[in-house]
Amino acid sequence: MTETMTPPATGFAELGLSETMLASLDAAGYLEPTPIQAGLIPRALAGIDVLGQARTGTGKTAAFAIPILERLRPHSEVHGTQALVLVPTRELAVQVREEIAKLAHGRKTHIVALYGGKPIRGQIEKLKRITEIVVGTPGRVMDHMARGTLVLSNLQCVVLDEADRMLDIGFRPDIEKILRRCPDSRQTLLLSATVPPPVEKLAQRYMRDPETMNFSPKDVSVDTITQYYFTVDRDRKFDLLVKLLKREQPTQAIVFCRTKQRTDKLHEHLRRKWPGVDCIHGDLQQSARDRVMKAFREGKIACMVATDVVGRGIDVSNISHIINYDIPQFCDDYVHRVGRTGRMGREGVAYTFVSPEEGGELTRIEMRINSLLQRAELEGFEQSDKPQGTPEEIAAAEAEQNGEQPPATPKMGRGGRAPRRIRKAL
Ligand code: ADP
Ligand code: MG
């Protein structure tokens, strides 16, 4: 793979875009391309396979949507679906479809989102019209392929959006099956916030001499976000949350829990104490998930309790606060949860609740983002010690950093020595 760091062009006009595209960018209020857009768009327009790595909230969707729209060919030349965008979650399918539709302003492009949890009938009806662009989750896309309602034989471009996440949640076999059914001549674009070895392997196997563009080499976390942690005993988390919300008065907040059950339970309790609370997780009916996301986007919900599955990739610009009620299980989930705020250079704040035995997890996150979280203070919740991992946990965290197998159930405890890099900064 070749790696380039393309210097950003100054404006969209210099990227060689059509008048139609410039007009829709104008209508969308996009004045300048973000670095990933400036880097990726010209290469993608040239038909090259690109692996684009950039942290969340940097405009990756438009980076692939713009070249796709610009390269669409008339129906008389190419019949059927020309571009397929694979995304990890249903919410993202809807969101990415909307972003592409916004950028397709002034064109008669038919764009359909295909995702599970919705009756397949309606989607089949939509696909009866010539559909230039399909955005979907791998499972449902395969379903349509098997039924013959989605034909990829004339596909010009396939996009793997949030590739790291799709692999994390076990979509590899589906993705590979889909890619094998796409014509060899197609272009492949891969977008990811991180490029761990499995993503690299996928790129090597299914992309043609891809160019890698890395816009977030080390600094994975967004720098406009202030990141704090609280040390708190498990049984006091709820009181801390209520007190924190009172103090902070967030414009909009997402409160993350580890499991669906915990999400439901917290929602039940919190709605009695705080106005405008709702919740979202994978066990809810799709119609309920759609309704909650819509209300949240419209600002009708101030505080959403959520699991990681739905938190990923969500782009709502008014989110001022991320609260990790439960510390995330995987470091990358931390980066993604926190990335829901501070979008496009706005200010945001993130609080992570850490119970005393979760010190190792906190250390692992700090190593992942290569910076330290600040300790937050709130009256009545003072703590003297920062929870710390034991030497074994630190070693395990380091092993994980090196891409080795993390321990199945890490034993957590206090009082160990932090690794040199972190210790130095303490
Ligand atoms: P990512 O996929 O990198 O997490 P998104 O594609 O979701 O980021 O974009 C984040 C937000 O930035 C969206 O609200 C999008 O509409 C907005 N956006 C994208 N490109 C631009 C731009 N050039 N100028 C202004 N806003 C933009
Ligand atoms: Mg994205």
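The accessible surface of the protein chain comes to about 18700 Å², and carbon and sulfur atoms hold 48% of that area. The model is a predicted one. Of the 426 residues in the chain, 56% count as buried. The secondary structure consists of 17 helices and 15 strands. Among contacts with a separation of 6 or more, 76% join residues that lie 24 or more positions apart.

Seven strands form an open sheet with parallel pairing, in the order β11-β12-β10-β13-β14-β9-β15. The edges are taken by β11 (277–280) and β15 (374–375); each has a single partner strand, so one side of each is left without a neighbour in the sheet. Helix α12, which covers residues 286–297, packs on this sheet and touches β10, β11, β12 (303–306) and β13. The direction of α12 makes about 135 degrees with that of β11. Within the sheet, strand β10 (residues 252–256) pairs with strand β13 (residues 319–324) in the parallel sense, over five bridges. In this pairing, Ala253 stands opposite His321 of β13.

Helix α2 was examined in further detail. Leu40 has its place in this helix, which spans residues 35–45. The buried residues of α2 are Ile36, Gln37, Ala38, Gly39, Leu40, Ile41 and Ala44. Residues three or four places apart in an α-helix point the same way, because such a helix has 3.6 residues a turn. The cover over the buried residues of α2 includes two strands, β2 (50–53) and β7 (187–192), together with helix α3 (60–71) and strand β8. Leu40 has a relative accessible area of 0%, which is under the 20% limit, and therefore counts as buried. Apart from residues up to four places away in sequence, Leu40 touches Val50, Gly52, Ala63, Leu191 and Met213. One of these partners, Val50, is 10 residues from Leu40 in sequence, and the two C-alpha atoms are 7.2 Å apart in space. Just after α2, Gly47 takes a positive phi of about 90 degrees.

The sign of phi was also considered for residues that are not glycine. Most residues other than glycine have a negative phi. Glu162 is not a glycine, yet has a positive phi of about 50 degrees. This residue, Glu162, is found in the loop between β6 (157–160) and α7 (163–168). With a relative accessible area of 11%, Glu162 is buried, because buried means under 20%. Asp209 also has a positive phi, of about 45 degrees, although Asp209 is not a glycine. The loop that holds Asp209 runs between α9 (197–206) and β8 (211–214). At 63% relative accessibility, Asp209 lies over the 50% limit and so counts as exposed.

A buried charged residue occurs in helix α8 (residues 172–181), where Asp174 has its place. Asp174 is buried but has no salt bridge. The nearest side chain of opposite charge belongs to Lys177 and is 4.5 Å away. A salt bridge requires a side-chain nitrogen of Lys or Arg within 4 Å of a carboxyl oxygen of Asp or Glu, so the distance of 4.5 Å does not qualify. When neighbours within four places in sequence are left aside, Asp174 is in contact with Pro138, Gly139 and Met142.

Definitions and conventions. Residues are numbered from 1 along each chain as its sequence is written. Chains are lettered from A and ligands numbered from 1 in the order in which they are written. This is a predicted model: local features need pLDDT of at least 70, side-chain atom pairs count only at pLDDT 80 or more; totals for chains, interfaces and linings use all residues. Side-chain values use heavy atoms; hydrogens and water are left out. Helices (H or I, at least four residues) and strands (E, at least two) are DSSP runs, numbered from the N terminus. Buried means under 20% relative accessible area, exposed over 50%, partly exposed in between (1.4 Å probe, protein chains only). Contact means heavy atoms within 4.5 Å. Accessible areas come from the Shrake-Rupley method with a 1.4 Å probe; for residues, only the protein chains shown count as cover. Lys and Arg count as positive and Asp and Glu as negative; His and the chain ends are not counted. Two strands pair if DSSP finds at least two bridges between them. Axes are lines fitted to C-alpha atoms, for helices over the stretch in contact, and angles run from 0 to 180 degrees between N-to-C directions.
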